[in-house]
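Please look through the structure below. A short report on its backbone and its overall form follows.

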Amino acid sequence: MADSQLAAGGAHAPLAQRDLLVELNDIKRVRSAGRRGSIAERLFLQAWSALTGGADPAALALDITAKALAASRLGDLDAAFLSLAGLSPTQASAVLVRGFDEVAGPLDPALAERLRACLAAPRDWTPGPLPHFAVLQADQPRAGVTCPGKPRILLEPPENHAEHCLMVAVYGVALSPFYGADPTTVFVAALAHHLHNALMPDAGFTGEILLGDHLDAVIATLSDRALSELDAPLRDVVASSRRILADDRTAEGRAFHAADVIDRVLQIAQHLRAASLTMDTVLGEMALVHDGPVKGFHDRVLADMRLP
């Protein structure tokens, strides 16, 4: 959407992507045996390792986003697992593309084709040294819900900063066509928008207010310390991308800030959704006791046990 349309009072976000972004958010909570952290955390670390290994940021942004979208439906049935299970590269790619196609309908068609191509013809990235700040972000919990003058609301388990940054990066790519933004800039900026929280415990908005006049200097000092871990030219690419973070005056800034606020709200919404879940939804809509050769027996057992 052109800037003039936004200024004239047009939609400020694509409602058609709502359900996709809700579902995609759960890769922050999907974990598997033998793999440390959630899918989102691992993709965050994979992205930084690829960047320090010399990956082209534009190609990497599409690759990571495509993997995240496929994982929203397939979970950890990823290329590594499918290969281990005996599928050929061609067969594995076909499975990943099917998973992607199940959720990709709301995406901009041109972007969807580019993302699908990443899964159909996957590429290997040369892993570089993982920045220490990225590892620390994977260990740094997010603050929860904070408001100056009020006690913090903690929702367990907390997400970490790696998961949040990865999700904002992927959302940013998905939203970029709507805002006419460069997805690469948005992706890199989002990956790097909480560099300071590698070392700074997250006290949320409350902590920022209480730091007062010290806040900007603290964030700048810690961000610069993290950036110093990167060699040129990557350091310059990251620093340049981060310039969009200050406001929503650019298309890239709008795509980033839309992605950021959507993720922050959906992180809390999933706790509320779980708390309000009913057995009617689980047994009816979601078919927990699903069709199969023993469904009739299952139904009689539950009836006799008066469950639920």
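Alanine 287 has a relative accessibility of 33%, so this residue counts as partly exposed (buried is under 20% relative accessible area, exposed is over 50%, and partly exposed is in between, with a 1.4 Å probe and protein chains only). Alanine 287 sits in the loop between α15 (279-285) and α16; helices here are DSSP runs of H or I with at least four residues, strands are runs of E with at least two, and both are numbered from the N terminus. The phi angle of alanine 287 is near 50°, which is positive although the residue is not glycine.

This is a predicted model, in which local features need pLDDT of at least 70 and side-chain atom pairs count only at pLDDT 80 or more, while totals for chains, interfaces and linings use all residues. Residues are numbered from 1 along each chain as its sequence is written, and side-chain values use heavy atoms, with hydrogens and water left out.

Arginine 306 also has a positive phi, of about 55°, and is not a glycine. Arginine 306 is placed in the segment after α16, and its relative accessibility of 75% makes it count as exposed. Most residues other than glycine have a negative phi, and most peptide bonds are trans.

The cis peptide bonds below both lead into a proline.

| Peptide bond | Omega | Place of the proline |
|---|---|---|
| alanine 232 to proline 233, cis | near 5° | loop between α12 (215-227) and α13 (234-241) |
| leucine 307 to proline 308, cis | near 0° | segment after α16 (295-304) |

The chain as a whole contains 16 helices and two strands. Its C-alpha trace spans about 65 × 50 × 45 Å along the principal axes. The radius of gyration, taken over C-alpha atoms, is 21 Å; the globule rule, 2.2 Å times the number of residues to the power 0.38, gives a value near 19 Å for a compact globule of 308 residues, so the chain agrees with it.

Of the 308 residues, 45% are buried. Among contacts (heavy atoms within 4.5 Å) with a separation of 6 or more, 73% join residues 24 or more positions apart. The exposed area of the chain is about 16000 Å², of which carbon and sulfur atoms supply 59%; accessible areas come from the Shrake-Rupley method with a 1.4 Å probe.

The chain has 27 positive and 37 negative charges, and their mean positions are 3 Å apart. Lys and Arg count as positive and Asp and Glu as negative, while His and the chain ends are not counted.

Note on methods
The place of a charge is taken as NZ of Lys, CZ of Arg, CG of Asp or CD of Glu.
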